[in-house]
Amino acid sequence: MMVPKAIVNAKDVTPVTMEEVAYRLTAALVKVVSNKGAPGPDGQTVGELREQWSQVCPKLSADLLAGRYRPGVIRRANIPKAGGGQRGLGIPNVVDRVVCEAVRQVLEPVFEPTFHPSSHGFRPGRSCHTAIEEASGHLEDGYGWVVDIDLEKFFDRVCHQRLMSRLAQRVGDRRLLVLIGRLLKAKIVLPDGVVIANEEGVPQGSPLSPLLSNVVLDELDWELDRRGHRFVRYADDGNVYVKTERAGQRVMASLTTFIQGRLRLKINQAKSAVARPEDRHFLGFGLRLDPQTRAVEILLSQRTKRNAMQRIKQLTPRPWGGTLSSCILRINAWLRGWHQFFRIASPGEQFTLRALDAHIRRRLRAILLHHWKRRPTIVRNLIALGVKRRSAWQGVYQGCRSLWALSHIPQVDRALRPRFFTDRGLFSLVELHHRAHQEIVAPTHEQLALEWG
């Protein structure tokens, strides 16, 4: 098992000073513009700030160096979580995002080399794939039980005092520490317009938040290392691997005491558990050790399968008002992104992928039937697609079937066979997966932007 080393170039390590932050403002603007993103509470877009940058930059730089800069309020937006519920996203003003990005560019070269090798979230050269690769190695070494720790509302509960204390160990410029403190304590505008103070947490949506979350949890990583545990962490998702269930229970009890007492964070007892890795959802996957071959199978978790089915339903509404081709284009865009992330699943998951392909085709058949509307029209189109006249009439008019029920009768399946949709450009997950496993031998380590639940 190869765990990627921290990427650091001694020439890139910069002084941790406010002057360096001011120097990097333009580079930070380029990064923020490339990320696009929604406007903050002031309504300014990234394009508007870019056009005004020649006037904004000198004043912003002078305010930072003189200590006059004050961040604006943060807009709170609630977005649905894939697993249910809502996640609060903090959207700062664009100019504040530029400042946060400049601070990140200064801090990251200092902190990144010291992060634990088993931390994979929001780090250069690492991804969910490298985390799964390391976790697979622990199973191969005989660590067949996992202590799955779920931190409850981690980003909302980060203790500012402890975070600032850790930053102060390496940041000597007091002006920069004061700036970070102000960014952390920026007030929040709720969706109903109420403005509230922010006494704890780091806003999800700020370019600086991922780095600060790693600074906070790095203390946990090295505590696990000191105790000799095998573990993998991606952001606030952490798994500790042990050899027996009893050992897992002991680890869970001791880590609960450490996390809640020392880090002042809270463990979600309902979502945390000691279990077999194939029964848990880690970054969208489950892991299973084959007892015969001793090889680790990378499985799609049950939550991933449910989320995929739900997303397919959202993309293929039966009252689709557009053309079939436009719907297929929408599905293909999602299929490309979804499979790009889940391509490391073992070949044995072909059965699941085949079921997803079949469900997509049935949803598209239902859309076509809805377009055809009347049963005589459905019969005529089925006959035109090669179904025998008698069979078409019998299939469509037998019983009081809904359009959804008709979408899976033999006559419709035969007329709108898989080749019908393939000829119109629909991708196949089975085919994508087959090609992916022919082209790659091991998971790549590129950084991916993750969206799953």
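**Sheet and helix packing in the predicted model**

Strands S6 and S7 (residues 237–242) form an antiparallel pair held over five bridges; strands count as paired if DSSP finds at least two bridges between them. Within this pair, phenylalanine 231 lies opposite valine 240 of S7. The structure is a predicted model, in which local features need pLDDT of at least 70 and side-chain atom pairs count only at pLDDT 80 or more, while totals for chains, interfaces and linings use all residues. Residues are numbered from 1 along each chain as its sequence is written, and side-chain values use heavy atoms, with hydrogens and water left out. Helices (H or I, at least four residues) and strands (E, at least two) are DSSP runs, numbered from the N terminus.

The wider sheet is open and has four strands in the order S6-S7-S3-S8, with antiparallel pairing. Strand S6 (230–234) and strand S8 (273–275) are at the edges with a single partner strand each, so one side of each is left without a neighbour in the sheet. From one strand to the next, the twist averages 20°. Helix H6 (residues 128–140) packs on the sheet and touches S6 and S7, its direction making about 165° with that of S6. Here contact means heavy atoms within 4.5 Å, and angles run from 0 to 180 degrees between N-to-C directions, with axes fitted as lines to C-alpha atoms, for helices over the stretch in contact. Helix H11 (residues 245–261) also packs on the sheet, touching strand S3 (145–150), S7 and S8, and its direction makes about 25° with that of S3.

Helix H11 also holds arginine 246. Arginine 246 counts as exposed because its relative accessibility is 67%; exposed means over 50% relative accessible area, buried under 20% and partly exposed in between (1.4 Å probe, protein chains only). Arginine 246 and tryptophan 145 are 101 residues apart in sequence, yet their C-alpha atoms are 9.5 Å apart in space.

Turning to helix H9 (residues 174–184), its buried residues are Leu176, Leu177, Leu179, Ile180, Gly181, Leu183 and Leu184. Their cover includes helix H1 (18–23), helix H4 (53–66), helix H5 (94–111), helix H8 (160–168) and helix H10 (209–226).

A further helix pair is formed by H12 (residues 302–315) and H14 (residues 350–372), which pack at about 20° with axes 10 Å apart. H12 and H14 are therefore roughly parallel, a term for angles under 35 degrees. On the H12 side, Lys305, Ala308, Met309, Ile312 and Lys313 meet Thr352, Leu356, His359, Ile360 and Arg363 of H14.

Terms used:
Parallel < 35°, antiparallel > 145°, perpendicular 65-115°, else oblique.
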